[in-house]
Amino acid sequence: MANLSMEGNYSCHDETGRLLHWTQLKLGYPPSKPLVHCTASNFYRISCMWENNQEGSFPIHYIATYRSPSSNIFSCPRDFLRNICQIDNPQMFASLPYVINITAINPIGRRTTLLDIVLFDIVQPDPPVNVTAEPVFGSPRRIKVQWDYPPSWGSQFKLKFVLEYKLLRYNFWSRLNTKMTTEIITDAIAAQLCAIRVKARDFFDNGKWSDWSSEVLVTPWIETTTENIQSTVTTLMMDFIHTQSQSTDPTLSSNVILSSSDVLDRNIVVLISIAASIGICIAATTFVLWIRRRRQESDMNDILTKKALSLC
């Protein structure tokens with residue numbers, strides 16, 4: 001009926017108080033069963049980790065071994081700073097699983113956990129890296145997305161991917177399945193900020209999908225606005241007038257002398273031509289912007305409709 005409060009030093013004394021004997025009493029429990037979890041970020045190494053959630057006054061040490069599919073027993077090389085051991089170059093097409101054996105030992109007793117491991121069931125790539133997204137010039141609904149294989153994944157084995165994208169302010173994701181590391185999104189919403197992410201899995205559907213990559217943000221290519229066109233045309237007009245005035249300067253041309261009325265008539269014609277060009281550009285730009293606004297409204301309605309259907 002002992003409990004932990006009874007720990008301490010106990011001693012025996014004679015009638016005169018002289019110490020006859022003493023002993024130290026320590027109380028505790030056998031270790032709890034280790035909780036073992038095994039992962040593989042590629043086909044070249046299995047990593048097994050464990051934890052013991054029981055606190056006590058006795059130190060615990062662990063023995064890690066594994067049984068191969070050929071029934072041979074091996075010590076599992078471990079990191080003594082962390083509760084982890086690794087199986088390198090496991091057999092990929094073995095008919096039997098690996099069996100990991102983690103035994104926890106303290107002075108009171110020992111507990112063992114056995115775990116079957118099938119490499120094809122636990123393999124899970126790390127997320128894709130170097131994900132980038134950029135607008136496609138001249139295409140307000142296209143975005144080019146690129147990424148790389150995770151460094152931990154061997155080049156000998158292929159991956160497949162899922163690319164997801166959405167408007168930043170909404171939670172509805174569109175999905176694109178691909179075997180490539182470069183894709184073009186063709187139905188982005190013009191002039192709207194998008195979030196993009198990618199995940200990976202073994203090409204032949206072994207194991208699990210990776211976690212998602214970090215999200216990247218991008219806005220599709222935006223057409224030139226009316227204000228930009230007006231500013232550009234005004235600048236060109238001023239440069240042209242300045243050039244014309246320099247070409248009619250008598251100090252620059254000693255052989256050609258034009259009357260003031262000829263110069264005035266030429267400048268009037270130039271100004272009329274430029275004004276007509278500006279009018280045409282503004283009209284064309286206004287029409288294009290109207291068309292784009294109609295498309296954006298239509299695209300937004302499609303997004304809201306898809307979101308409503310997904311909630312149903």
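**Exercise 1. A link between two strands**

Task: Find the salt bridge that joins Arg-45 and Asp-88, and work out which strands hold the two residues.

Solution: Start with the side chains. In this predicted model, those of Arg-45 and Asp-88 meet in a salt bridge, with 2.6 Å from N to O. Next, place the two partners along the chain. Arg-45 sits in strand S4, while Asp-88 belongs to strand S8 (residues 84-88). The two are 43 residues apart, and the pair links distant parts of the chain.

Now ask about the surface: are these residues buried, partly exposed or exposed? Buried means under 20% relative accessible area and exposed means over 50%. Arg-45 has a relative accessible area of 36%, so Arg-45 is partly exposed. Asp-88, at 42%, is partly exposed too.

**Exercise 2. The sheet around S4**

Task: Give the order of the strands in the sheet that contains S4 and S8, and name its edges.

Solution: Begin with the order. Four strands make an open sheet, running S3-S4-S8-S7, and the pairing is antiparallel. Then look for strands with a single partner. These are strand S3 (35-39) and strand S7 (78-79), so each has one side without a neighbour in the sheet.

Finally, zoom in on one pair. S3 and strand S4 (residues 45-51) are joined in the antiparallel sense over five bridges. Within this pair, His-37 is found opposite Met-49 in S4.

**Exercise 3. Another open sheet**

Task: Do the analysis again for the sheet that contains S5.

Solution: The order here is S6-S5-S9-S10, again four strands in an open sheet with antiparallel pairing. At the edges are strand S6 (73-75) and strand S10 (109-117), each pairing on one side only. From one strand to the next, the twist averages 25 degrees.

For a close look, take strand S5 (residues 61-67) and its antiparallel pairing with S6, which runs over three bridges. Here Thr-65 has Ser-75 of S6 opposite.

**Exercise 4. More salt bridges**

Task: How many salt bridges does the structure hold, and which residues join Glu-164 in a network?

Solution: The count is six salt bridges. One of them brings together the side chains of Arg-175 and Glu-164, at 2.6 Å from N to O. Arg-175 is in strand S14 (residues 174-178) and Glu-164 is in strand S13, 11 residues apart.

Compare each partner with the cut-offs. At 48% relative accessibility, Arg-175 falls in the partly exposed class. Glu-164 has just 6%, so Glu-164 counts as buried. Adding Arg-197 completes the picture: Glu-164, Arg-175 and Arg-197 are linked in a network of salt bridges.

A further pair also involves S13. The side chains of Asp-205 and Lys-160 meet at 2.3 Å, N to O. Lys-160 lies in strand S13 (residues 159-167), and Asp-205 in the loop between strand S16 (194-202) and strand S17 (216-218), 45 residues apart. Asp-205 is partly exposed, at 39% relative accessibility.

**Exercise 5. Into the core**

Task: Which residues have the most contacts inside the largest nonpolar core, and which strand gives the most to this core?

Solution: The largest nonpolar core has 43 residues. Inside this core, Ile-100, Ile-143, Val-145 and Ile-196 have the most contacts. S13 gives the most to the core, with five residues.

Next, follow Ile-100 outward. Leaving aside neighbours within four places in sequence, its contacts include Val-36, Cys-48, Thr-65, Cys-85 and Leu-114.

**Exercise 6. Positive phi values**

Task: Where do Asn-130 and Ala-191 lie, and what is phi near in each?

Solution: Most residues other than glycine have a negative phi. Asn-130 has a positive phi near 55 degrees. Asn-130 is in strand S11 (residues 129-136) and is exposed, with a relative accessible area of 54%. For Ala-191, phi is also positive, near 65 degrees. Ala-191 lies in the loop between strand S15 (182-185) and S16, and is partly exposed at 31%.

**Exercise 7. The whole chain**

Task: Describe the secondary structure of the chain and the confidence of its prediction.

Solution: First, the secondary structure comes to three helices and 17 strands. Of the 312 residues, 32% are buried. Then turn to confidence: the pLDDT averages 83, and 77% of the residues score at least 70. Over residues 249-261 the value is below 50, and this stretch has two contacts beyond near neighbours in sequence.

Conventions: Residues numbered from 1 in each chain as written. Predicted model: local features only at pLDDT ≥ 70, side-chain atom pairs only at ≥ 80, totals over all residues. Heavy atoms only, no water. Pairing = 2+ DSSP bridges. Axes fitted to C-alpha atoms, helices over the stretch in contact; angles between N-to-C directions. Salt bridge = Lys/Arg side-chain N within 4 Å of Asp/Glu carboxyl O. Buried < 20%, exposed > 50% of the residue type's maximum accessible area, 1.4 Å probe, protein only. pLDDT = per-residue confidence, 0-100. Contact = heavy atoms within 4.5 Å. Core = buried A, V, L, I, M, F, W, Y, C linked by side-chain atoms within 4.5 Å.
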